[in-house]
Amino acid sequence: MGSFRRSQQLIANGYARRLSRLALGASRLTLAPIRGGAFKIASRSQQGQFPRGFFSPRNQQRRETGSGKGPLVVAPVAALFTLGGLLIYSLYPGDELQQARIARREKKSPDNAKDGSQPQGEETAWSAFSSRFERFSNITDIEWSSLSDRVADLILPDWSRALPGQIRKLQRELSMKEGSLANEIWHEAHDPFIHPEIQYSAKVRVSDELCDEEKEFLARRKKVATAALAKYLGLNEEDINPDDVPTIAMCGSGGGLRALVAGTGSLLATQEDGLFDCITYTSGVSGSCWLQTLYHSTLTNCRLDRIVDHLKSRIGVHFAYPPTAFSSVTSLPTSKLLLSSLVEKLRGDPNADFGLVDVYGILLAARLLVPKGELGVNEKDFKLSNQREYIKYGQNPMPIYTAVRHEIPDITGKASKSGIAISEQAKEIAKQEAWFQWFELTPYEFFCEEFNAGIPTWALGRRFNNGEDVPPEGNNFHLPELRMPIMLGIFGSAFCATLSHYYREIRPLVKSLAGFSTIDGMIYGYNEDLEKVHPIDPAQIPNFTYNMEGKLRFTTPTTIHNNEYIQLMDAGMSNNLPIYPLLRPGRDVDIIVAFDASADVKTDNWLSVADGYARQRGVKGWPVGVGWPKETDSTQKIEQQLEAAQANSVADAENKVQQAKTSDDHHPTEPSEKSKHDMSHPEDSDLGYCTVWVGTTEERSSEPPPPTKALTDDSLAWHLTEPSAGITVVYLPFLANPKVEGVNPATSDYMSTWNFVYTPEQVDKVVALARANFAEGKDRIRRCVRAVYERKKKIREDREADAKKERYRRLVRLGIADKLGEGDHFS
């Protein structure tokens, strides 16, 4: 291995020398030997003088080229080779450079010990990060300074000249030395006046009920929703019984900035119509989680119109554009709030991990959580638990954020280590246990229904052992709550998908190439293996169920108790519509209004995925067969699928939970031309702007029921007022609308999930389209809410009448009521 590395270093050095001569002119420049880890370029025509420096002004270059020699023309191919050589050299640095780095680290080690860093012999998360970042900073200084000014002018933008200095500044701020920003952040992390949560211990709550704080919220929200419903339906508030008020929830799909902007327009339309004030819950995936974060923040103070203005001023620049990104993390006051998540996570936990998702979250927060001008940034917006202030009186709906963990049992690897043969039954169990576990986060609790366990949101980021938190220090000091920048990265980390997801993105291209159909079949034949590989690691946080074996629900994975950390990612990997948390027992949601801004609302058909979950979980009242069947499925095949998956009873549904986990991994196919046409022309397709389904609470017969049909305007009131009516699902996909020109979700390039730049004009168009789509179905939604209200009112009145009759009969039996009085003819 050592000889291979030395040979690579020699090749890289020679390669860099030759390519530098090719780019700079071998007749004019020679590459001096490397001394002290830096390049020295000497000109034969000007011995003892360096050519124009990397940061020297352009007029100096013009003076040099004006001497009669003419400008130096470098071919683009030579420039690419130069960058390639420098990249190889950075991957295989020379021995001199490595020795210089080691000497610098040894020289700085006494200083590090003085400023409170970890001893050099102990490799911690913070020390590993610091050393890697210092090496990266050194490489940037050395390699970038070796580039010729003329090469840099040809292949690099003007803003790149300031990058080495900004990287070095950031490295100094994160050095943990006295006076550095990291040192200040770490000292404030011990201050209970800044972080009150560090004074309190936390325990894992194991229960299938809602937490006490959410129950209290529901009681208060019911009063607010009662007044809002009276206004929405045009009724007198005094005539409304709070028990008759339906529990309404809204969920927003994933889809990056498209989901964020479109979701803002949809919620703004519901607020203008009066519906938004009637809802109790909102739930989100990916971009819809970002929307909830902005709504419950000081940036907007729960004003959706302010979110539109904020987006128009902040997402016109890419979140990873280096000048703005470095400015945010190197300039106060934003740098302190953005980097606190990094410092507290790595400095407080020796085994913590900081990866691409964390960096992504910090960059997102720099655009979304920072107002225009940056001076109005507020530290309250950087903790999820602070959102309790916006819902503690029930004045706003409670947000539910979502993330998933990919459970992949490695039974084969364990068996190979132990030498024990694997039974077919064990393989089948392991296959069934590979699924996505859903985690929900509210301002009150971080909870997993699979475990029936959760912790307070303010304890997120702490290590737990056997149900109790573990202080990282001996003075009962706890870490502050995990910051929102890291959470924003988790919510939107769709790039942490499996290889199977990645291949499905490019599969249409592969299949279109001549002769590649065989390769496609071969690759897709290994789909089960591809589903277990994540090229980019998801974010890692402490596992609150560590060492809690035997104390959790039976659906808990058998190996979760052995892992001190868990990895979370975008919940859109499992289902792009966050309906699952709304079906949790105790929330008793009557109406679900789903805004779907997915990339292809028909091909993905996320409602059908939720349908399978609800049926196999035994959710009572869910509309069976909700969603659109696949184009290739016949009616007979659909009925067979329903018969195979439908549960005969609640007990039968519980037995099929394991099968639900296996089928929960959704495999969307590539969009067809018909699907694209349906999204662009809803008027002549089975996709409508507003579709309503209603379930039933009646026990099903032995024969499987047909799929629930979407309700028409004529049958809407009749079905919804039936006493046996169950959960109502109102589905509003994000489709093109002829009333709004210039924007089409199926064809507009900027509507891609991976687009992170929206101009103010594009924001206005997307918001206008979302509002126009809601306007197409707002009357139907109002009739739907009215019908559910009337049904609940009638059920309550019938129940009260029956109870009154029962009390009367009881009094009669006791001889208290209708007692024969004095003076009648039987006296």
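This report walks through a predicted model of a protein chain, from its overall make-up to its main sheet, one helix and a cavity.

**Overall make-up**

The chain counts 827 residues, and 53% of them are buried. Its secondary structure comprises 29 helices and 16 strands. Of the contacts with a separation of 6 or more, 78% link residues 24 or more positions apart.

**The ten-stranded sheet**

Let's turn to the sheet. It is open and mixed in its pairing, with ten strands in the order E3-E9-E8-E7-E6-E5-E4-E14-E16-E15. Strand E3 (205-206) and strand E15 (691-696) are the edges; each has a single partner strand, so one side of each lacks a neighbour in the sheet. Helix H9 (residues 212-233) packs on this sheet, where it touches strand E5 (279-284) and strand E6 (398-407). The directions of H9 and E5 make an angle of about 130°.

Strands of a sheet pair through backbone hydrogen bonds, in either the parallel or the antiparallel sense. Three of the pairings here are set out below.

| Strand pair | Sense | Bridges | Residues paired |
|---|---|---|---|
| E5 and E6 | parallel | four bridges | Tyr281 and Met398 |
| E6 and E7 (435-441) | antiparallel | seven bridges | Val404 and Trp438 |
| E8 (445-448) and E9 (453-456) | antiparallel | four bridges | Phe446 and Ile455 |

How many of the ten residues of E6 are buried? The count is ten of ten. In a regular strand, side chains alternate between the two faces of the sheet. In E6, Met398, Ile400, Thr402, Val404 and His406 point one way, while Pro399, Tyr401, Ala403, Arg405 and Glu407 point the other way. Both sets are buried, charged-type names such as Arg405 and Glu407 included.

**Helix H13 and its cover**

Helix H13 spans residues 322-330, and its buried residues are Pro322, Ala325, Phe326, Ser328, Val329 and Thr330. Among the elements covering them are helix H7 (163-173), H14 and helix H15 (356-368).

**A cavity lined in part by H14**

H14 also appears in the lining of a cavity. The structure holds ten cavities of 30 Å³ or more, and the second largest has a volume of about 150 Å³. Helix H14 (334-348) and strand E12 (539-542) are the elements that each give two or more residues to the lining of this second largest cavity.

Which residues lie nearest the centre of the second largest cavity? They are Glu344, Lys345, Gly461, Leu479 and Leu482, out of 17 lining residues. By type, the lining of that cavity has eight nonpolar, three polar and six charged residues.

How values were computed
Residues are numbered from 1 along each chain as its sequence is written. This is a predicted model: local features need pLDDT of at least 70, side-chain atom pairs count only at pLDDT 80 or more; totals for chains, interfaces and linings use all residues. Side-chain values use heavy atoms; hydrogens and water are left out. On a 1 Å grid over the protein atoms alone, a cavity is a set of points where a 1.4 Å probe fits but cannot get out, and a pocket is an open set with protein on both sides within 12 Å along at least five of seven lines; lining residues have an atom within 4 Å of a point. Grid points are joined across faces, edges and corners, and a volume is the space filled by probe spheres set on the points. Buried means under 20% relative accessible area, exposed over 50%, partly exposed in between (1.4 Å probe, protein chains only). Contact means heavy atoms within 4.5 Å. Two strands pair if DSSP finds at least two bridges between them. Axes are lines fitted to C-alpha atoms, for helices over the stretch in contact, and angles run from 0 to 180 degrees between N-to-C directions.
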